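This report describes the fold and packing of one protein chain. Please have the sequence and the three-dimensional view at hand while reading.

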Amino acid sequence: MSDLPAPAAPTAPPPPAAGPAAGPDGMAKRPRPGWREVLTALRQPRVLIMLLLGFSSGLPFMLTGNTLGFWLREGGVDLTTIGFLSWVGLAYSLKFLWAPVIDRVDAPVLGRLLGRRRGWMALAQLLVGAGLLGMAATGPGPSLATLAGFALLAAFASATQDVVVDAWRIEAAASPDETGLLSAAYQMGYRAALLATDALILVLAAQVGWATSYAACGLAMGIGLAATLLAHEPVRMAVIAAAGPLWSLRGLRDAIVGPFAAFFQAHGAQAALMLSAVALYRLPDFLMGPMANPFYVDLGLGKEVVGSIRATAGLWASIAGVALGGLSALKLGYRRTLVLGAILGPGSNLAFSLMAVSGPDIGVFTAAMVVDNVATGFAGTALVAYMSSLTSLGYTATQYALLSSLYTVLGKLLKGFSGGMVEALEASMPPLTAYALFFAGTALVGVPALILCLLLARTDGGRR
């Protein structure tokens, strides 16, 4: 049972004089949990398991993306090729294609032993580990195509892991408020993994080399496997069982059409606005992502310096950002928190423009890492909590996969051209000036998402 208060029972609409207890539509609002209830809920076993599963989900992301770009750049690979290789991350945007299978079919062998959710988790985690170990054994150079193949395997398995971990997180929550709490725990673990694979790995690679560092990360997938074994299998949703097996005509139709029909039935006229806001929310981060580590190399910052600052100031800033995002979702509601994240997230990209103008200044770099990690942690938690609140039980994996694919697909496609954008700017200006303009441009890309989030917040006062 959750230690957070259960949702209030439905009540009749209060009179207009009901005061602050009434929402803008005249309906009684569910009370927010107090700080004591929030802190008490952090001791639940589900929260710890969610923290570890979040770490497991975040571990492969940078290793097949930005950190791989650092390794490739040091190996002499050009920016355009690095940008194109970032397309292996499109697996995260296409996961909705196989999410219905995860909702309806048990994983081979492991599904019978662990259950549907945990079976898919374990299989995906084993495949991610195999992909990372393959990347470690290959490395850049003449075997660049083989390295890309192992990266694709790791990204595909990681996207599968995300689908089932997201479904478990939503289905395991005992109340809407606990959904926000588990979302914050997930983001905390996820961000810790990003820091480990985007910061600590740089320090480790400087000492023992990239291959050994990637191999260590492959073995670290055992953390997620242990959490999977400790987790409890959620109750199978009745709506899925009623739809029939996936291979039947009724089951196949429900797997394809059911998640969409349930979403638009639940959210009505707001559905299109919600989907548009989600689609554009993290676009600035995706656009600048592949160029961040090559920028550090071209700026003259060694990987030991980058890694140490990310692992110290960046770590605490990330923890603060995720914590603030989770608490904001609980106290202010998902939509108001979404608006704040839409301001902080893109705004932090301007810190990279300042770095480009200032040169390899350690103080400026440290300040930029603090700003970026607080903003990214907050915005990531805001989006995860909001998307989790939109799903319908019974279609959890498929609907959340659709939402998370929607928010990544445009950014994943466009970021492949980021290296070409920077090199095109470098043709007419100094390299660091080109980087500064590029990062400022990515910040401006966030304006449409902010407008959409403001419209969402106005529709119901930002309550949820």
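Which residue just after H18 takes a positive phi? The residue is Gly359, with a phi of about 85 degrees. The model examined here is a predicted one.

## Overall composition

The protein has 23 helices and zero strands. Its chain comprises 464 residues, and 55% of them count as buried. When contacts between residues at least 6 apart in sequence are considered, 81% join residues that are at least 24 apart.

## Helix H18 and its surroundings

Helix H18 spans residues 350–358, and its buried residues are Ala351, Phe352, Ser353, Met355 and Ala356. The elements that cover these buried residues include H15, helix H17 (334–347), helix H19 (362–390) and H22.

Phe352 lies in helix H18. Its relative accessible area is 2%, and because buried means under 20%, Phe352 is classed as buried. Leaving out residues up to four places away in sequence, Phe352 touches Met288, Phe295, Tyr296, Met369, Asp372 and Phe439. Phe352 and Val371 are separated by 19 residues in sequence, and their C-alpha atoms are 9.9 Å apart.

## The pairing of H15 and H22

Two of the helices that cover H18, namely H15 and H22, also pack against each other. Helix H15 covers residues 283–299 and helix H22 covers residues 431–444; their axes come within 10 Å and cross at roughly 160 degrees. Angles over 145 degrees count as roughly antiparallel, and H15 and H22 are therefore roughly antiparallel to each other. The crossing of this pair is left-handed.

On the H15 side, the contact involves Pro284, Leu287, Met288, Met291, Pro294, Phe295, Asp298 and Leu299. These residues meet Leu432, Tyr435, Phe438, Phe439 and Thr442 of H22. Sorted by class, the contact between H15 and H22 holds 11 nonpolar, one polar and one charged residues. Met288 and Phe295 of H15 and Phe439 of H22 take part in this contact, and Phe352 of H18 touches each of these three residues.

## The pairing of H14 and H23

Helix H14 (residues 271–280) packs with helix H23 (residues 447–459) at an angle of about 145 degrees, and their axes are 9 Å apart. H14 passes H23 in a left-handed crossing. From H14, the contributing residues are Leu273, Met274, Ser276, Ala277 and Leu280. From H23, they are Pro448, Ala449, Leu452, Cys453, Leu455, Leu456 and Thr459. The contact of H14 with H23 has 10 nonpolar, two polar and no charged residues.

## Nonpolar cores

The largest nonpolar core contains 58 residues. Within it, the residues with the most contacts are Met50, Leu53, Trp168, Tyr281, Leu338 and Tyr386. Apart from neighbours within four places in sequence, Tyr281 contacts Thr337, Leu338, Gly341, Ala342, Ala379, Ala382, Leu383, Ala449 and Cys453. Ala449 and Cys453, which are on this list, also belong to the H23 side of the contact with H14.

A second, separate core has 50 residues, including Leu59, Phe70, Leu301 and Val364.

## Helix H3

Phe70, one of the members of the second core, is also among the buried residues of H3. Helix H3 runs over residues 66–74 and is mostly covered, with seven of its nine residues buried. The buried residues are Asn66, Thr67, Leu68, Gly69, Phe70, Trp71 and Leu72. Gly76 follows H3 and has a positive phi, near 90 degrees.

## Ala124 in helix H7

Ala124 is placed in helix H7 (residues 116–138). The residue is buried, with a relative accessible area of 3%. Outside the residues up to four places away in sequence, Ala124 touches Ala157, Thr160 and Gln161. Along the chain, Ala124 and Gln161 are 37 residues apart, yet their C-alpha atoms are separated by 5.3 Å.

## Val109, a residue with positive phi

Val109 is not a glycine, although its phi is positive, at about 65 degrees. This residue is found in the loop between helix H5 (99–104) and helix H6 (110–114). Val109 is partly exposed, with a relative accessible area of 48%.

Conventions. Residues numbered from 1 in each chain as written. Predicted model: local features only at pLDDT ≥ 70, side-chain atom pairs only at ≥ 80, totals over all residues. Heavy atoms only, no water. Axes fitted to C-alpha atoms, helices over the stretch in contact; angles between N-to-C directions. Helix = DSSP H or I, 4+ residues; strand = E, 2+ residues; numbered from the N terminus. Left-handed = near helix turned anticlockwise from the far one by under 90°. Contact = heavy atoms within 4.5 Å. Nonpolar A, V, L, I, M, F, W, Y, C, P; charged D, E, K, R; others polar. Parallel < 35°, antiparallel > 145°, perpendicular 65-115°, else oblique. Core = buried A, V, L, I, M, F, W, Y, C linked by side-chain atoms within 4.5 Å. Buried < 20%, exposed > 50% of the residue type's maximum accessible area, 1.4 Å probe, protein only.
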